[in-house]
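Reader: I would like a close look at one part of this model, namely the charged side chains that pair with one another and the surroundings in which they sit. Please take the account slowly and connect the pieces as you go.

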Amino acid sequence: MPLNIFKIASVEVTSPSSSIDFTSIPQGYTDLKVVVSGRATGSRAEDSILFRFNSDSTTANYSGKWLRGNGASATSGSSGGYAGAYSGEFNGGTSTANTFTSQEVYIPNYTGGTQKSFSIDITQEANQTTAYNQLQAGLWSGTSAINSITLVDHNSNLFATYTTVTLYGIL
Amino acid sequence: MAIRSLKTGTISRSALAGNALSYPGSFEYIDSVTVGAGGTSTITFTSIPQTYKHLQIRYSGFVANDAFMRFNSDTGANYSRHSLYGNGSNGSAYSGPNETVIGFTYTASNTNPGSSICDILDYTNTSRYKTVRILNGDDQNGSGIIMLASGNWRNTAAITSITIFEDSGVFGQHSSFALYGIN
């Protein structure tokens, strides 16, 4: 059987929204992919978003490592202490107008009975010297199958109008 | 004939042996170019269908210098680009506001191919500028580059054409470019 990608659901924000939710995720695929084209409201140029699995907002259940470029240098670090999977920089309300971050989250073996690892590619573009490209490796310590994914803004801002998020199943 | 449920993703048991399984996936081929003898400096995808949600370009090829990308034949300083890259010894970053191009691939070689996967999300949305995300790399068994790059085209027009070009040389023979639409 050839590898293929199937759209499960898609959300486009039509008015600023505090969260984006995918629930009752089908359990018949091998992996999941979440593609985000988004921007936040508020007074920040660079914001960030969190992914939560199965409504889990327990800080201790998420960890990660990142590699980041800011247009000037490359740095690396650990992400932890967030109430969800931290997914890097995200165009905020004062970033270059009409410019949206492009992200892809890949979650292999999302129905397996072990902890869930995932990878994130993030590009936060802006017409200025500083903009971010980031690679993230993450871990959710939950051993249940993933049946829901929730996106929230880490700084309690809203997802801006025209933000789109699409969930794909992969065989 | 086995059927995959689009709602649950599960496969029903085949009732007829030998029947091929057919799935209406979300990833569809649009067009491709394979470079012939003598090479070419420019690849253009035109009349791009406006019926998908996202586009993806997959590239494998040979190029002696950096290559770039433009949309809808726009040659103005309407682009910005940034990248995170490593060369096997150091990690670095690049910044390029107000440029006339988006970076597509760094120099590879005319011997060992480099590759890129380029995602363009919401390419038909006329309320937003267009952001590009590119994962690119090549290894020359000595030198090489791994790069995550971004680009932004400050234009709300839907993307109808994509030009990829090498500004001081050519893409070598057997270089291949494939354009896909994603629903």
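Reader: How many salt bridges does the structure hold over all chains?

Author: This is a predicted model, and over all its chains the structure holds seven salt bridges. Side chains of opposite charge can pair when their charged atoms come close.

A good place to begin is chain A, where Lys33(A) forms a salt bridge with Glu104(A), with 3.7 Å between the closest N and O atoms. Lys33(A) belongs to strand 3 (residues 31-38) of chain A and Glu104(A) to strand 8 of chain A, so this pair ties together parts that lie 71 residues apart in sequence. Lys33(A) has a relative accessible area of 8%, and because buried means under 20%, Lys33(A) counts as buried. Glu104(A) is buried as well, its relative accessible area being 15%.

In chain B, the side chains of Asp119(B) and Arg133(B) meet in a salt bridge, at 3.6 Å from N to O. Asp119(B) is found in strand 8 of chain B and Arg133(B) in strand 9 of chain B, so the pair ties together parts that are 14 residues apart in sequence. Both Asp119(B) and Arg133(B) are buried. These two pairs should be read together, since Lys33(A), Glu104(A), Asp119(B) and Arg133(B) are linked in a network of salt bridges.

The largest pocket brings some of these names back. Its space is about 330 Å³, and it is lined by 17 residues, of which Lys33(A), Glu104(A), Gln56(B), Arg58(B) and Ile117(B) lie nearest its centre. The elements that give two or more residues to this lining are strand 8 (101-108) of chain A together with strand 3 (54-61), strand 8 (114-121) and strand 9 (130-139) of chain B. Strand 9 of chain B gives the most to the lining of the largest pocket, with three residues. By kind, the residues of the lining divide into nine nonpolar, two polar and six charged.

Another salt bridge joins the side chains of Arg68(A) and Glu89(A), at 3.7 Å from N to O. Arg68(A) lies in strand 5 (residues 62-69) of chain A, while Glu89(A) lies in strand 7 (residues 85-91) of chain A, so the pair ties together parts that are 21 residues apart in sequence. Arg68(A) is buried, with a relative accessible area of 14%, and Glu89(A), at 11% relative accessibility, counts as buried too. Arg68(A) has an aromatic partner besides, for its charged end sits over the ring of Trp66(A), 4.0 Å from the ring centre. A contact of this kind also joins the two chains, where Arg128(B) lies over the face of Phe100(A), at 3.9 Å from the ring centre.

From the rings under charges one may turn to rings that pair with rings. A search of the whole structure finds 17 aromatic pairs over all chains. In one of them, the rings of Tyr29(B) and Tyr180(B) have their centres 6.3 Å apart and their planes at 75 degrees, so the pair is edge-to-face, as planes over 60 degrees apart are counted. This pair links distant parts of the chain, with Tyr29(B) in strand 1 (residues 27-34) of chain B and Tyr180(B) in strand 12 (residues 176-182) of chain B, 151 residues apart. Tyr29(B) is partly exposed, with a relative accessible area of 48%. In chain A, ring pairs link Phe53(A), Tyr62(A), Phe118(A) and Trp140(A) into a cluster.

How values were computed
Residues are numbered from 1 along each chain as its sequence is written. Chains are lettered from A and ligands numbered from 1 in the order in which they are written. This is a predicted model: local features need pLDDT of at least 70, side-chain atom pairs count only at pLDDT 80 or more; totals for chains, interfaces and linings use all residues. Side-chain values use heavy atoms; hydrogens and water are left out. Rings of Phe, Tyr and Trp (its six-membered ring) pair if their centres lie within 6.5 Å; planes under 30 degrees apart count as stacked, over 60 as edge-to-face and the rest as tilted. Helices (H or I, at least four residues) and strands (E, at least two) are DSSP runs, numbered from the N terminus. Buried means under 20% relative accessible area, exposed over 50%, partly exposed in between (1.4 Å probe, protein chains only). A charge sits over a ring if NZ of Lys or CZ of Arg is within 6 Å of the ring centre and within 35 degrees of the ring normal. On a 1 Å grid over the protein atoms alone, a cavity is a set of points where a 1.4 Å probe fits but cannot get out, and a pocket is an open set with protein on both sides within 12 Å along at least five of seven lines; lining residues have an atom within 4 Å of a point. Grid points are joined across faces, edges and corners, and a volume is the space filled by probe spheres set on the points. Ala, Val, Leu, Ile, Met, Phe, Trp, Tyr, Cys and Pro count as nonpolar, Asp, Glu, Lys and Arg as charged, and the others, Gly among them, as polar. A salt bridge is a side-chain nitrogen of Lys or Arg within 4 Å of a carboxyl oxygen of Asp or Glu.
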